[in-house]
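Thanks for coming. I will go through two interfaces in one model, one between chains and one between domains. Please have the structure open.

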Amino acid sequence: MSVLRVRNLSKAFGGVHAVENVSFDVGDGEFLALIGPNGAGKSTCFNMINGQLAPDRGDIQFADRSIVGLKPREIWRLGVGRTFQVAATFGSMTVAENVQMALVSHHGEIFRFARALAARHRERAFELLEQVGMAGSAPRACKELAYGDVKRVELAIALANEPRLLLMDEPTAGMAPRERNDLIALVKRLVVERRISVLFTEHSMDVVFAYADRIIVLARGMLIADGNAEAIRDNMQVQQVYLGAGRTFRPHAQAQS
Amino acid sequence: MLEVEGLKAWYGAAQVLFEPSFHVGHGEVVALMGRNGAGKSTTLKALMALIPQRSGRVRFLDEDISDLKPFQIARRGLGFVPEDRRIFSDLTVAENLDIGRQPVRHLDGRPAPSWTMEKLFTIFPNLRDMPDRRGAHMSGGEQQMLTVARTLMGNPLLVLLDEPSEGVAPVIVEQMANAIVELKKEGLSVLLSEQNIHFAELVCDRAYVLEKGQLQWHGRMADLATDVAVQRRLLSV
Amino acid sequence: MTLEALLFQALNGLAAASSLFFVGAGLSLIFGVTRIINIAHGSFYMLGLYLAATLAIKVGGGFGFWGGILAAGLVVAALGGLVEVLLLRRIYQAPELFQLLATFALLLVINDVVQYVWGPEDLLGPRAPGLRGSVEILGRNFPSYDLFLIAIGPLVLLLLHLMLARTRFGRLIRAATQDREMVGALGVNQAMLFTIVFVLGAFLAGFGGALQVAREPANLGLDLVVISDAFVVVVVGGMGSITGAFLAAVIIAEVKALCIGLGLVHFGAFAVNFSKLTLVAEFLVMAVVLIVRPFGLLGRPQAPVRNPAEIEDPIRPATLPLRAAAAALLLLLLLLPLLSKTSPYVLVLSIDVLIAILFATSLHFIMGPGGMHSFGHAAYFGLGAYGAALMVKFAAAATLLALIVAPLAGLMGALLFGWFAVRLSGVYLAMLTLAFAQIVWSILFQWEEVTGGSNGILGIWPQAPFDSRPAFYFLTLALVLAGVLLLRCFLFAPFGYAMRAGRDSPLRAEAIGIAVKRVQWIGFAIAGAFAGIAGGVFAFAKGTISPDVAWVSRSIDAMVMVLLGGIQTLTGPIVGAAVFTVLQDNVMRQTAFWRGLLGAVILLLVLVFPGGIVGALSKRAAARRKPA
C-alpha cells in the first residue's frame, strides 16, 4: 500500500531538465530519504509534490487521488504536512499561537472575527507541543527560541492537521550532530506511533543511514538508485556523484537512543 | 596576523557575542566551532564590520581595523566568504569573479599569494567550463565553489570562511576540503566557521569553540578531534 | 478620427515617452542599489524643468536653452548627491517605510522651496533655438523639437544598457542590486557607489524634466503627477529593468496620447470624453500587465532584502494600567463638551483628532499586522466622504443613512483595488496603492457632473439630532470608539492572526492551509471600509469636500501618523494621529509654507525616532525594566 505514488515526473526550466521521468512510491508508514547532489532536482521534485510547482509531465497520487494542479494549501487539506529547509514559523506569535494558528486553519476558522485565537484549541495545541517536547515554552515568543527548538515547533505545526504524509526538506540543516539525531529520532517515533509516512531530503548522511527505511538517489534530474542504507552506501555510482570517499561523515553511525 | 580581543556584538537589544578573544597566525588554518547560534557566523561578520552594533579590538597585520568599514577591511586583505552562497545570480561566473577583483598585495615586502582566473580554475576545475553561465543556472555545489573563488580574486591574505560544508553534498564537502588544503599550501591563512568536525579535522591546525557567544575551549584541532567529552558538551556530537 | 490623425497622435506620445522613461529609469536604478523608493524623484524632474526654463529665459539664445537643459540636469544631479550624503546615508539601516517617509518629506520641502523661489505661477520656457520649426508628417506639422525628443529616448536607453552590460561600474550596479552588503565585503566602496548611483538617477530625472522645457510649463503640481506616472512605469516595466522602463514609458505615453487624441467620442446616445480618462486608461494598462505578469513586463521577483525589520513581539491583551488609562481618557472625552464651553475650537479640533485616529487605525490594520504598506489609503477615505456627500446631495439622505453608505463606498473601492494590490508586495504594493489613489482623485476631479469637479460638494451638514457641535462630537466619538475597538477585536481573532501569519511567513501560512492573498484582500477591504467611515464623518464635520480628500498628501498624513506612533504597537496609531493632527493644526496656522515645515519636522522625526514615538517609549520602558 503506498501513500504517495510518483509516476514519470518531469520538469524543465528554460530547456534544462531539472527532473526527468522520476517515479517512486512512499509506502504506508515508510521513512523514505531522498538524497542527491545540490541541483540534482530534489527541491524541484519536492515543490511539485507539495504543489508549489506544476510538473510538465507525469502524475502524483496521494491516497489514490491525483494531486497535480492543486494548490499547496489544498494539498495540505488532504493531509500532507511539511517542514522547510529554513524553519518557517510565525516569529511575531508565541509558540502556542503558532500551533493554534494551524489548528484554527485545520478547523476552517480563519475567517472568524470575534473570539480571540488565544482561546481556541488550547488543549490540543499543548498536546502537540508536548509530543515534540516544547510544551514548557508555549507562552514564549517564537522569535526567542533557539534554532533547534524552532524546528520542533515547526514539526508540531506540521502535525496539527493529522497528516498521513510529512514532507521534510532538509529537516536537520543547520543543527549540531546530537540535535540532528534527537530531531530525527523524534520524527521516527512519531512516524511509528501515528503511522505517518515521511519523505525527506537530507545531506547529513549520519542521519540518513541511521534512520531511513529506504533511500532513493537523484542525480541530474534522474533517479539513479533505490535501496536500503547498505545498498546505497556500496553503490559505485552514488559514491561517485554524491557520497565521495566518505571522509566527512561517519558512514556507519548508529541510531542513538 | 589577526588578533581579536573582547569582541562584542548585538542584534537589536540582544547581545550575541560576549568578548571572545582569539588569533590566527601566518599560514594557519583555524576552526571556529560551536553549535548553531553559538556566534560563529556573527564573529566572522563582526570582524568584517557587517554588524552595525559591535565593539572590541580587532588587529590585522598590526593595524587596528576595529573602526573601518567593510570595504576598507576587505582592501586590507581580509577576504570574506559568506554562508548560503551569496553569489550574484544575475551575473555570469566571469562577472562574479570580476566583482571580487583587487590588486595584488605585498606582505613583509614580498608579493603575497595572488590569483588569476586561470589559477583559480586549477583549484575549482568545474568553473572552467562555464565562464558565461549565470549564477542562477549553477548547481549548489558550483555556486559554493564560485563564492570562494570570487573572494580569492581579491588576493586576500586571510580568508574568513563561513560554514562552507553546510547544506552541500558530501562529495562537494570533500572538494572544498581539498581546496582549503591547496590554499594553505599557497600560504594563505584561513579562519573557518564550522559545525562538521570531520571536515574541520581534515583541514584545520587549531580550533576555538564558542558557546552562547563565549569562548569555551581552544587548542589543537587534533586534540579536539579526540576529546569526546568536549565534543559532547560543546558541539552536541 | 482618421488613421493619419491616430498615427500623428502616436508620434506625440513617443515624444512624451522619453522624459517619462528617464524618470522611471532613474527611480529604478536608485531603488535597485539603495533599496530606497525615492518619492522626491518627481521633485527632481520638476526642479529640472524650472531650472531649464529659467536659464533659457534669463540667459537666452541657443546657449541658454541647450546649455540650460544640460546645466539643469547637472544642478539637480549635484543636489541629489547632497541629499544622498546628508540624509539618505543616515537612514539606509532604517526600516523601508521610514525611508519612504523621509523621501516624501523631502518632496514637501522641495515643493515649498520651489514655490518660495519661483512663486505659484506656471513658468513656460521658450521654443528650442534651432528646432523652432516643424516638419510635415502625414499631412500635419510635427514640431522638430518633438522629433529630437523621440530620438533621445532610445539613445539614452542604449547608453545605459551599454554601461550596465559592459563596464565594471555597470557590473557593480547589477551586483549591488542583488546583494549590496556582499559587494561591500568584497572591497567595493559601497557608500561611494550609492552616491554615484543616486547622482546618476537624479541627473536622469532632472534632465528628463529639463527636456520638456519647450513642451510644457513648469508648475508646482508636477512632482506628484510625475512620481505617480513613474511608479506606473516602473510597475509595468518591471522594477530593476531599464529596458522594461523604456517599454512601459512608451506604452503609458501612447495610451495617454491616444486618449487625448480621441477626445469626445459619441457611442450612440452616450458621449465619453476620453481626454479625461488618461489616468483610468493608465490604470487599465497596469491592471492587465499585473494580471498577466505580476512583476512587470521585464521584471523578476525581488530578492529579499537582507536587513529585515526587527520581528515584533507577540500581541497581548491590554494590561491593567493601559485599560485604566483608556477608561480615564474616555471619561475625559465624554466630559469634553462641558469642559470646553468657553473655547469651542477645542471640540472642532477634537473631532479632527478623532477622525484622524480612526483613519490611522484602519491604515495600521493593514500596514502593521497585514504587512501591506499602502501609500494610497486616502482613496478609501475620499470614497467614504464622497459616498456620504453624494447621498446627501442627490438623495437628501439622513445623516445616519449617509454614514452607512460611507463605509460601503470605501469597501467597494478597496475590494476593487485591493484585488490587484494584494498580488504584489513590498514597495510594488506601495506604488500601486499610490497610483490607485491618484486615479480616485482624478475621477473625483474630472467627473464634474457628479462630483462637482474641483469645487467639490458643498453644504453637507448633519441633520437633527446631530446638528449641534456637541451632538456631532458624541456621534463622532461613538463611531470612532466602535471602529477602533472592532479593529482591535479583529486583530486578536483568528483573522488578525491569519494576516500576521501571511506577513511573517507566507510560505508557512500557505503550507497550513491559509489562503494568504484572500486574507490580505479581505483585510484590505476591511481597512477601506473603516477609512470610509472616517471619510464620511469628515464630510459632515467640514460641510464641504473637494477632491483634496483623496489627495496623496492625505495618504501620507495617515502613514506619518502610523509611523509616528510606531507601527509595531496597537496603540501607536492612536497616539500618532493625535500628536500629528495637533501638530499640523499648529504649524498650519504659523506659516504659508507649512508643508515644507511639516516635511522638515518629519525628516527630523525620522532621524531621531526610527521606531516611532510609542516604539521609543516602550523600548525605553523595557530598558528600564532590565538594565543591561
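A salt bridge here is a side-chain nitrogen of Lys or Arg within 4 Å of a carboxyl oxygen of Asp or Glu. One such pair is Arg73(A) with Glu510(C), at 3.1 Å from N to O. In total the rule finds three salt bridges across the interface of chain C and chain A.

Some ground rules. This is a predicted model, in which local features need pLDDT of at least 70 and side-chain atom pairs count only at pLDDT 80 or more, while totals for chains, interfaces and linings use all residues. Residues are numbered from 1 along each chain as its sequence is written, chains are lettered from A and ligands numbered from 1 in the order in which they are written, and side-chain values use heavy atoms, with hydrogens and water left out.

Back to chains C and A. Counting contact as heavy atoms within 4.5 Å, 32 residues of chain C touch 35 residues of chain A. The size of an interface is often given as the accessible area lost when the parts come together. Buried area is that loss with a 1.4 Å probe, summed over both parts. For chain C and chain A the buried area is about 2,800 Å², and carbon and sulfur atoms give 66% of it. On the chain C side, Pro494(C), Arg508(C) and Ile512(C) lose the most area to chain A, together 26% of what that side buries.

There are also 16 residue pairs in polar contact across this interface, both residues at pLDDT 80 or more. A polar contact is a pair of N or O atoms within 3.5 Å; within protein, one must be able to donate a hydrogen and the other to accept it, and residues adjacent in sequence count only if both atoms are side-chain atoms.

Now inside chain C. The domain assignment, which is automatic or from a database, gives domain 1 (17–219) and domain 2 (322–625). Their centres, taken over C-alpha atoms, are 34 Å apart. Here 20 residues of domain 1 of chain C are in contact with 27 residues of domain 2 of chain C. The two domains bury about 2,100 Å² between them, 88% of it on carbon and sulfur atoms. Leu97(C), Phe98(C) and Leu101(C) supply 31% of the area that domain 1 buries against domain 2, more than any other three residues.

How many salt bridges does the rule find between these domains? Zero. As for polar contacts, the rule finds one residue pair across the domain interface, both at pLDDT 80 or more.
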